[in-house]
Protein chains: 4
Amino acid sequence: MFKNKLIEEEKQREDVGFGTKTTKNIRLVKENGDFNVKKTGQSLSAKLNIYHNLLTMPTYFLTLVVFFYYLTANFIFASIYYLIGTDKLLGINNHLGMNNFWEAFFFSVQTITTLGYGRISPIGFSTNIVASFEALIGLVTFSIITGVVYGRFSKPSPKIVYSENAIISPYLGIKALMIRTANEKNNQLINVSANIIFSKNEIQNGETKRIYKNLELERKLITYFSLSWTIVHPITENSPLWKETEESLKKSDAEFLLSIQAINDTNGETIYSKKSFLFSELLWDYKFAPIIDTEDNYYLMNLEKIGTVEKVNPN
Amino acid sequence: MFKNKLIEEEKQREDVGFGTKTTKNIRLVKENGDFNVKKTGQSLSAKLNIYHNLLTMPTYFLTLVVFFYYLTANFIFASIYYLIGTDKLLGINNHLGMNNFWEAFFFSVQTITTLGYGRISPIGFSTNIVASFEALIGLVTFSIITGVVYGRFSKPSPKIVYSENAIISPYLGIKALMIRTANEKNNQLINVSANIIFSKNEIQNGETKRIYKNLELERKLITYFSLSWTIVHPITENSPLWKETEESLKKSDAEFLLSIQAINDTNGETIYSKKSFLFSELLWDYKFAPIIDTEDNYYLMNLEKIGTVEKVNPN
Amino acid sequence: MFKNKLIEEEKQREDVGFGTKTTKNIRLVKENGDFNVKKTGQSLSAKLNIYHNLLTMPTYFLTLVVFFYYLTANFIFASIYYLIGTDKLLGINNHLGMNNFWEAFFFSVQTITTLGYGRISPIGFSTNIVASFEALIGLVTFSIITGVVYGRFSKPSPKIVYSENAIISPYLGIKALMIRTANEKNNQLINVSANIIFSKNEIQNGETKRIYKNLELERKLITYFSLSWTIVHPITENSPLWKETEESLKKSDAEFLLSIQAINDTNGETIYSKKSFLFSELLWDYKFAPIIDTEDNYYLMNLEKIGTVEKVNPN
Amino acid sequence: MFKNKLIEEEKQREDVGFGTKTTKNIRLVKENGDFNVKKTGQSLSAKLNIYHNLLTMPTYFLTLVVFFYYLTANFIFASIYYLIGTDKLLGINNHLGMNNFWEAFFFSVQTITTLGYGRISPIGFSTNIVASFEALIGLVTFSIITGVVYGRFSKPSPKIVYSENAIISPYLGIKALMIRTANEKNNQLINVSANIIFSKNEIQNGETKRIYKNLELERKLITYFSLSWTIVHPITENSPLWKETEESLKKSDAEFLLSIQAINDTNGETIYSKKSFLFSELLWDYKFAPIIDTEDNYYLMNLEKIGTVEKVNPN
């Protein structure tokens, strides 16, 4: 039945959730590996997305955030102690080189960190209540701060490196699209799988739409990723690239989105990495230069050559 | 063989564990996404389910719980110090504005948080033993409190938003049931899969039973969930909805249960979300208005329009 | 080819790693859900398996371990301070009701917990070095103790409850083996799968061996486990139970091992539970009494009836 | 079509990412289970790979790293306090047996650990600022140190033990390659899967290449790994080992790489283990001696016999 055929065809399509509007010079994936997307109408908590942002912001910015919190919190508590009265901070002594506000400020520091030297100590009900509350706040907020710092430290981004270009290379009598990747770190990645989505503008029933198709790979999964892996899409008659040329890909604003998924055997966690190649980052009739060598009694890989290519005669 | 056919049929049925009793106005899933279920005969620990409840209770309630613990624990230890005798708390001084019980109370605070200002310090064996025990209790209980706070902070609920209504829409010459979803947050969800269970009262061999059936989806899995995803069940001849009408669904108290499962690529954790649509939340002959646009050099999604629909002519 | 057939048959066998020696009254799985196994020749670290044991030991025993560590560590450090000389502990004062050793002991407590009241403080190089070392030891060991406590608190054992007996029940014109399970807690278990291994002594080529076979289930997987689930093995002609009787199972010392695997949607973690049923825990020609009811506007399950059965006429 | 056949063949090949250069005496996997690989051209952060190295370095080395950090950090802060002026450390007293630098050093210790005895306390703005900063640094760095220690403690390497040799043994009328493994620990491993890759030098079209092939196993997955598991590759006509002899394997520098993956049911984490066997570690015409026995009312496994073999007559 014709309708069922349409439904089957529809099922084959890859949906990456970008709709079907055609594009002109809009990359799917930015240089840093994020999707090239903005959203409006988010709720405040979704917009802030505090934990995600704390985990992914640059280190210098997180440092600023922590300092800002530390200063602000102590400033607020110092003000409260000051307003209650510095006579309620036993041991305070503005002959020691600081005025009473700063004495209250550093008393606050010693309280929020549970340092508690004790030269200055709270007396009176109000000041003691505030100090008790500050110690509790300190314990809870520092567990969040140290949790975020440790989270960033213990879940470093995978260091998967990619050849700068995708290449079209001779392969078993036909051609193939190839991208070379390597695990830059010394730890082991296992059960590594790859996926390439090919995207272009296409005219369907007179209407130009953006379409997305999976490219079948020679090998979707490798057991170990200790050295390099050249991901290969053989351009057979069934490939969406079978009739494509350098010009046709340019005209249709083509883009290739490579995603890699792997398990880090240090901690058993799954990591994800992606990179996109525009038509202009595609080299025709090249092959990758070798990067793995066998030394005396070990294998050696030179990561600097990950993207090194050599011209070949088109077959 | 006839018996084997029955067994095969039985295997096709979806079991969501709700039995086969017919319902009248009992939602499978409540507004907050929980199942509409109560249990009796639980063991005490299962009923309390402390960790789960601490993780999922509203923030204001957790705050109350923590304050209650903090006050109670310090009250108890203060009473012990008081009973042993405040002469065993060196430095205690009720001329400083508080009576001895409150001095003992704040000494307890300074001990349980390991703050230890030291203006008051324990002397004598009994008081020292109690203080040593309190410091240990403090370290252990605050690790639980801060662990719960950090756990809530670092595992925020997925912000998957849903169209308010499921719609019946024209689709490739037939009709389809559609529900639109979007990832409200800016982080990436990957390997996203969806499942719709259709539930209704049905007469089988003269007996009215509640039945549950999986609806086959155009696409069960998408690789990336950065923008929106319209989940589509094509109503073909094989669909349990093929002969259903607005009236028949009402009569059989129909409900659609959508479940979504995805991986959060910030931390590699799997998240789950579900929402149910009653027959009365189904719109016939509508389509979703577009929500994704391409700006200068990025994609833009307007989340406020997630549920916006447009009337179409029934085909 | 005959050899290949043997290999294929061998592949069908289930291997639970218990070998093929016949048994007499040795349960595969003990009452507490652990396998009934001992090992010799383990390495010391494998035998101690400290973390696993700390996580799984009874709470009272962990409490004893923590107290023992706390006392021992402080006793050792107190002895060192005492040997260096209590004149190096400024503020020590045995007129305050304790001798110098106990003063040193509680100074050690105040150091290992980083409490640091400061009434007593170290002077001199040696004592300061020891105190600095003790504070470091305290930070590290208490992070292990609190980590273990939080680990136990946050990963409670799944509360899957089982009917006391497996039953043989009429089912679609034939019979079926049934076991009823329920999720005792209020949180949600999802993607729940079950597996039953049937084990018995069998004579093969004149030799009596213990064999293990998987029983095919009506349903191996349910999406949600919010109420109860009756796991059903239909006894068709292909079932290893097709010709078995109460007597034959007794003679062959039969045992049924049920394993359940599920995802806890509070924290996304996978949980495992197992229970075995001996031939003597099998009831013939019974069915389970209903335990789910629909109240005004919710479903109600009575867990006390999980194992309640009713006699039926054998078909 | 011929080309497609080549592509199909290519897809069958196993890629472990070691390229196709032939080897002579280079093990794929070292004795400690790591791949025998070095890399050049790494970025500094990839080369250092701090977290991974902290998790996997020997314990004595981590201890040294922690002490080095503790000494260095306190030395630096002590120098700063000393440079600002020890008159700003109230209570410092070089008549107590140490010069002022060491007093500043131990004040730093008491600050970085948030111990805060308070005999010495900071006065003046500069010293208080430095102390506030040190307390913050202390909280953050000790959370990393204790996190690493706890991470090592709570994720011990799986104790999967292997027979020293792989054996060629009679099996159902043919021969089979067998390797015996056992779970040395008392905790439960579940859903255990195994994989053997066979690697050798082979002449293809006149060129000698290193090839990698999967060996089909009698059983790839067992449900429970509580005792031992003999992993069996039946050498049928389809096996890459069908025509191999002791001499041919030696000539082609053959190696067998066994990988095991399992779930630890204590914490639900997936663990990985691998071991390689060179042609010279292969025993021909042996079988494994039994290691499992049934005692009074439990099963007993003797781990010392994991590699014990007995000579058999070649069939």
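Leaving aside its neighbours within four places in sequence, which residues is F279(C) in contact with? In this predicted model, the partners of F279(C) are L249(C), K250(C), D253(C) and A254(C). F279(C) itself sits in the loop that lies between strands β12 (269-278) and β13 (282-284) of chain C. Its relative accessible area is 19%, and F279(C) therefore counts as buried, since the cut-off for that word is under 20%. Another residue of the chain, I174(C), is 105 residues apart from F279(C) in sequence, and the C-alpha atoms of the two are separated by 20 Å.

Attention now turns to helices. Two packed helices are described by the angle between their axes and the distance between the axes. In chain A, helix α5 (residues 100-112) packs with helix α6 (residues 125-154) at an angle of about 55 degrees, and their axes are 8 Å apart. That angle makes α5(A) oblique to α6(A). On the α5(A) side, the contact is made by F107(A), S108(A), T111(A) and I112(A). The α6(A) side supplies A131(A), E134(A), A135(A), G138(A), L139(A) and F142(A). Sorted by class, this contact holds six nonpolar, three polar and one charged residues.

Helix α5(A) deserves a further look. With 13 residues at 1.5 Å a residue, α5(A) should span 18 Å, and this agrees with its end C-alpha atoms, which are 18 Å apart. The helix is mostly covered, with 12 of its 13 residues buried. Among these buried residues are N100(A), E103(A) and Q110(A), along with F101(A), F105(A), F106(A) and F107(A). What do the buried residues of α5(A) pack against? Within chain A, they pack against α4 (59-84), β2 (89-90), β3 (121-122) and α6. From chain D, β3 (121-122) and α6 (125-154) join the list.

A helix pair is also found between chains C and D. The axes of helix α6 (residues 125-154) of chain C and helix α4 (residues 59-84) of chain D come within 12 Å and cross at roughly 125 degrees. This crossing angle makes α6(C) oblique to α4(D). The crossing of these two helices is right-handed. The contact brings together S132(C), F133(C), A135(C) and L136(C) from α6(C) with V66(D), F67(D) and Y70(D) from α4(D). By class, the residues of the contact between α6(C) and α4(D) comprise six nonpolar, one polar and no charged.

Note on methods: Residues numbered from 1 in each chain as written. Chains lettered and ligands numbered in written order. Predicted model: local features only at pLDDT ≥ 70, side-chain atom pairs only at ≥ 80, totals over all residues. Heavy atoms only, no water. Axes fitted to C-alpha atoms, helices over the stretch in contact; angles between N-to-C directions. Helix = DSSP H or I, 4+ residues; strand = E, 2+ residues; numbered from the N terminus. Parallel < 35°, antiparallel > 145°, perpendicular 65-115°, else oblique. Left-handed = near helix turned anticlockwise from the far one by under 90°. Contact = heavy atoms within 4.5 Å. Nonpolar A, V, L, I, M, F, W, Y, C, P; charged D, E, K, R; others polar. Expected span 1.5 Å × (residues − 1). Buried < 20%, exposed > 50% of the residue type's maximum accessible area, 1.4 Å probe, protein only.
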